[in-house]
Amino acid sequence: MVHHGVVTDSVIDAQGLHRRFGRVVALDGFDLQVQRGQVHGFLGPNGAGKSTTIRILLGLLRAHGGHVRVLGADPWHDAVSLHRRMAYVPGDVSLWPSLSGGECIDVLSRLRGGVDPTRRAELVEAFELDPTKKAGTYSKGNRQKVALVAALASEAELLVLDEPTSGLDPLMESVFAGCIEHERQQGRTVLLSSHTLAQVERLCDQISIIRAGRLVESGSLAELRHLTRSSVRVRTRDAFDPTGLAGVHDPRQDDPTHDDRAWSFSVDAEHLDEVVGRAHGAGIVELVTQPPSLEDLFLRHYVADAGSGARR
Amino acid sequence: MSGTQGWGYATAVALRRDRVRLLATVIGLGAMMVLLVTSLVTLYPDEAARAGAALTLDNPGSTFLVGRIYHGHDYHWGIMTGHETLVVMAVAVAIGSIMVVTRHTRAEEESGRTELLLSGVVGRHVPLLAGLTVAVAFNVVIAVVMTGVLLAVGEPSIDLAGSAVYGAAVGMVGLVFAGVAAVAVQLASTARAANAMASAVLAASFLLRGVADVSPGASWLAWTSPLGWAQRSYPWHLDRWWPLVIGVAVAVLLALVGLAVSASRDLGAALRPPRPGRAQATSALPHPVGLALRLHRGVLIGWAVGLVVFGLVYGPVLGDAEEFLTQMPLLIDFMPEAAQAGGVRLFAAILVALVAVVCCVPAGQALTRMLSDETAGRTAPLLSGGTTRLGWYLAGVAVAALTAAVTTLAFGLAVGGTAVQVTGERALFGDIVVASVQQWSALAVVIGVAAVLVGWLPRASWLLWLLVIWCGVVLYFAELLDWPQWVRWSSPFDHLVARPAETGDDLTARLVQWGLAVVLVAVGAVGYRRRTIDG
């Protein structure tokens, strides 16, 4: 598994992944690149193929086509040795109901090949978990905490987290965010699948968006923003009409009594300069531009115009 | 081999989780063995009594239940134990082994815990290997405990050689069905379905050896059944080990098949990918009875088909029962009423009664399903909608009743139809069908008990299975062990006349049972409307 002389910082390298379930195509040529030390957000609507991808990365499912390396190894064939270097938290954690939370943490840690006891104690404390309660009596959030503690206290190089905070309250979510920050400083790599966009926006350096089994967008948040529209609100001294300008979408007059002098619209990044220039010609009184939120990005890709993934 | 990494630890976790249940099962089975042997020893204290027992047991019905008699000229306690208890003990241990394997494999996979386990430093073989290791340990302990318990009786005729063969035979059957379960959990996508599949194989091997024992021409069929291999070790007579070796070899083979499939398939996958269902519900589905029936449909159809096959196979065997009796002139002297009724009717009566008890299982499941739905949180959304509690409860009772009626009738029609073909006795068909229908009152009582449990004691639904097992035990052993009347009457099925062999009037008993069933259902309804619905 040692790559002599090869400078590879790629922790996850998946190219053209295909996977079917019966007649259902779950992955249709999906690519995913995660570099060492990244906190990588993995987004997509329900059924887009996120969990399938994660299970392939864990060697729990076999890909039907394509190429995949995790930490330089084949996740199906080298599953056991790879798992020593990875930790996984599923979105829906099921624990052995007759064991206590603390016992579950230790069983999971032991099966993962070791745990840092101080870190374990810190995490139990931070997540306010009562490790003496039987797992059968835990709520969904508490079961998730058990899996999170076991994963975060491990010495894994790569953390694979599949919607790890779907059962946590906002307070615990912020504890979780602190933990991920800690992992980043430790130089660990994190693949974080989540529907909490604010969380991804806050935590992740890089983002990949999957839709219908294909990669539709990948890059840093700044890059992704650059590729999409900003929303603009502008008030001018003279009459100004953005309708029909290249790159302008959904122009609306803010206040009909102001006739042609107050507008809201969104504009493609590459046309922003030109559109603002036109407004400048009409004398800008007020100008507010907002970069797209991750939610805007996300929604843009999810709206039903299928097949336009490559559209920029 | 990296495929087995973490085997030891995963097994230790499995044992840790299951220690109470496993210990209780071993103690329970050991106690059952003690009970059986000591009752045989006290019931048949002298040679004359045992010779009499040998005579009465040499009839097609008993042979179907326990197996063909062996070493009948000297029917000592050892032989008695081997002949009368081996099959039933082996079946009990087989059921235990199936449960152990499915609980530690497919049930874990279904819950998502296997995914968590396999994301650790754990080989792909380990989930099944750990389950099989627990099953092997369970069966080895059972074999040792059985041998020990038998020796502890302290009778010279129950010697070490025979006891060891007996214990090993029971353990062998357990191992084979652990292997069957190891394959079943690869094919079925739920633990429930895997249990059903492996239990169906167990039922088939019971019935195959039944045919072999009753029909002299079909003796070879015993070699297709693990229970047949166990019987053919003839403990305390021939003390043969080689049939047990066959069993262990088959168990190993099945385990290897299971391991090969489990390591190459995807996690969570089954042999057949799930088929798509309807995009929209039919108009009947939103009705409580429609929904309850739809959820129970698979169980109902599976059992009905299984019982029809059972009936079709055993119809011809009924014909052999006549021959069986004519070969035993002594028995005719000993059991005049049996001789009068004829071997066919005697055997048919046992089959009808056995099937009626067995049909408690699918009928009871229609009601216990309501409880597992509740635990899974599927009931509250239903009851918070337009469905009333009473409506949902009665829908469950109705589906249970329908299941009982359809399954018993399916068997009666199938076995009656083929029996007429074989024996040429026209009246037999009607008599068998009527006998099947007249079991309904006893089934209604069992359904009533299940309804009370659903209404009042949702956490104690296991009491229902205890009752069903008890009814089976009474049917199986009451005659054999000469139990007092009051014990036998604890089973509702024992209040009925054994049609079509006996004639008699049990109309009052049946009317009382119907009345009791209605009262029980009503009592359950009160509880179901009052109690907290957990989810």
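**Notebook: charges, chain A overall, and unusual backbone spots**

I began with the charges of chain A in this predicted model, and found that the mean positions of its 35 positive and 41 negative charges lie 6 Å apart.

I then looked up the general build of chain A, which holds ten helices and 13 strands and whose C-alpha trace spans about 70 × 40 × 40 Å along its principal axes. Of its 312 residues, 49% count as buried, and the accessible surface of chain A comes to about 14,000 Å², with 49% of that belonging to carbon and sulfur atoms. Among contacts between residues at least 6 apart in the sequence of chain A, I noted that 68% join residues at least 24 apart.

Turning to chain B, I found a surface patch of positive charge made by Arg275(B), Arg278(B), Arg294(B) and Arg297(B). Arg297(B) sits in helix H12, residues 288-326, and is partly exposed because its relative accessible area is 42%.

Next I checked the backbone, bearing in mind that most residues other than glycine have a negative phi and most peptide bonds are trans. Glu163(A) has a positive phi of about 45°; Glu163(A) lies in the loop between strand S6 (158-162) and helix H6 (170-186) of chain A, and is partly exposed at 23% relative accessible area. Trp236(B) also has a positive phi, near 70°, and is placed in the loop between helix H10 (226-231) and helix H11 (242-264) of chain B, but Trp236(B) counts as buried because its relative accessibility is 8%, under the 20% cut-off.

Last, I looked at the peptide bond from Arg499(B) to Pro500(B), which is cis with omega near -5°; Pro500(B) is found in the loop between helix H22 (485-488) and helix H23 (507-530) of chain B.

Notes:
Residues numbered from 1 in each chain as written. Chains lettered and ligands numbered in written order. Predicted model: local features only at pLDDT ≥ 70, side-chain atom pairs only at ≥ 80, totals over all residues. Heavy atoms only, no water. Helix = DSSP H or I, 4+ residues; strand = E, 2+ residues; numbered from the N terminus. Buried < 20%, exposed > 50% of the residue type's maximum accessible area, 1.4 Å probe, protein only. Contact = heavy atoms within 4.5 Å. Areas by Shrake-Rupley, 256 points an atom, 1.4 Å probe, with all protein chains shown as cover. Lys, Arg positive; Asp, Glu negative; His and termini not counted. Charge placed at Lys NZ, Arg CZ, Asp CG, Glu CD. Patch = residues over 30% accessible without salt bridge, like charges linked within 9 Å, V, L, I, M, F, W, Y side chains within 5 Å. Salt bridge = Lys/Arg side-chain N within 4 Å of Asp/Glu carboxyl O.
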